[in-house]
Amino acid sequence: MRVLQINSVANSGSTGRIAEEIGNVLLANGHESYIAYGRGKAKSNSKLIKIGWDKDVYLHGAYTLLTDKHGFASKKATKNFIKEVEKIKPDLIALHNLHGYYLHLPTLFAYINKHKIPVVWTLFDCWAFTGHCTYFDDINCKKWEIHCEKCPKHKRYPSSWVDKSFNNFEAKQQLFTSVKKMELITHSQWLGDLVKKSFLNNYKVHVTPSAINLDLFRPIKSDLRSRHAIGDKKVVLGCASTWSNRKGYRDFLELSKNLSNDYQIVMIGLNKKELKALPENIIGLERTESIEELVQWYSLAHVFVNPTSQDNFPTTNLEALACGTPVITYNTGGSPEAVDEHTGFVVEKGSCPGILGAIGEMETKDYTLLSKACRERAKHLFDKKTRFLDYLNIFQEMIAN
């Protein structure tokens, strides 16, 4: 079985690492694995195909900014990519994030339909069935259920100066429903339920949790306390690939004003501008691709706080649990699905007092048992050795049928 995965990045960030692990499962079971990606540099156990070039990504971004037609640029890059795909002749194409300034969607889907290739599409957000945005629950928009128009979020990613959400909705609907043999995967029940209300509702949806490498993400010891002069303070950790108010940047600043000196906030993934603006009682770190460094911080943390205002099924929650660290998250999207009453706390979206209350409630529990329960939940539900076999089974069934 030859499987081609397509994603904006390869072996980087949550979506890139998921594609990499799926590739590893394919290889381990004697199949061929290819990963095509559009941005950055990468190393992989699978065979990599770079779509386009860095300049094209910037041009696609400029085109999106001027026209709001995201996914309808990069035509030459996509045609060149299709020539490589024709050499591979994949038995199945596994789609991930198609947004990200690197693909010409009509060219890709024309090839898929011409050769009647089975498709499995993992949705990490809502972009596939909206006229513009990746998420809409922060403004409680329901236009996508009928027809997007006059988008209130057109200036947000993928940002544009104009609003073409009406036309985009129709173009996406026509393209994405043209595939005869396609099944969808979501990592949260929340997103799976949304898909059933969208124009993609005729396709089968598999709801299967994401997974991580529990051999890498595990409780370990480190010298971070002494290296960062943390002393005996309890670490409240936040981690994001890029921070924004959507990810909870402002909430952490608010939390730092009210948290007692018994705690030390650490934020990973900040840019240089954000680092300069941090209050003195927050330790800020830039984004790291070092899994070992992330594991050290997850393991050191007393609690992982994820104050995201819109999200699907954050991998960071799973990584924290695997390292024995309880999670506090807002009641947002599929984020609460990662925890139960023994491994974390779910609080009202945007409620910093709720986070403080959850931290206080956590201090009334036996932390050793709490930490053990976190690791056990990760092993039971989110182990890549079993979860990514779900993908392999779905791929094989699609081809067999």
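Select R2 and D91 to begin the tour: in this predicted model, the two side chains form a salt bridge whose closest N and O atoms lie 3.9 Å apart. Colour the secondary structure and you will find R2 in strand β1, which covers residues 2-7, while D91 sits in the loop between α3 (75-88) and β4 (92-95), so the pair ties together parts of the structure that are 89 residues apart in sequence. If you now add a surface, R2 counts as partly exposed, with a relative accessibility of 26%, and D91 likewise falls in the partly exposed class, at 29%. This pair is one of 18 salt bridges that a search of the whole structure finds.

Move next to K50 and D54, and display their side chains as sticks. Here the salt bridge has its closest N and O atoms 3.6 Å apart. K50 is partly exposed, its relative accessible area being 32%, and D54 is also partly exposed, with a value of 46%.

For the third stop, select helix α8, residues 249-258, which holds both K257 and E254; they are three residues apart, or about one turn of the helix. Their side chains meet in a salt bridge with an N to O distance of 3.7 Å. On the surface, K257 is exposed, with a relative accessible area of 65%, whereas E254 counts as partly exposed at 34%.

From there, select D138, K153 and R156 together, since these residues are joined into one network by salt bridges that share partners. With the three still highlighted, it is worth recalling that side chains of opposite charge can pair when their charged atoms come close.

The last part of the tour turns from side-chain pairs to enclosed space. Rolling a probe the size of a water molecule over the atoms shows where empty space is left. In this model the count comes to three cavities of 30 Å³ or more, and the largest of them contains about 90 Å³ of space. To find the largest cavity in the viewer, select C133, C141, C148, C151 and P152, which are the closest to its centre among the 15 residues that line it. What is the character of the residues in the lining of the largest cavity, in terms of nonpolar, polar and charged? The lining divides into eight nonpolar, four polar and three charged residues, and colouring the selection by these classes makes a suitable place to end the tour.

Methods:
Residues numbered from 1 in each chain as written. Predicted model: local features only at pLDDT ≥ 70, side-chain atom pairs only at ≥ 80, totals over all residues. Heavy atoms only, no water. Salt bridge = Lys/Arg side-chain N within 4 Å of Asp/Glu carboxyl O. Helix = DSSP H or I, 4+ residues; strand = E, 2+ residues; numbered from the N terminus. Buried < 20%, exposed > 50% of the residue type's maximum accessible area, 1.4 Å probe, protein only. 1 Å grid on protein atoms, 1.4 Å probe; cavity = no way out; pocket = protein on both sides within 12 Å on 5 of 7 lines; lining within 4 Å. Points joined across faces, edges and corners; volume = space filled by probe spheres on them. Nonpolar A, V, L, I, M, F, W, Y, C, P; charged D, E, K, R; others polar.
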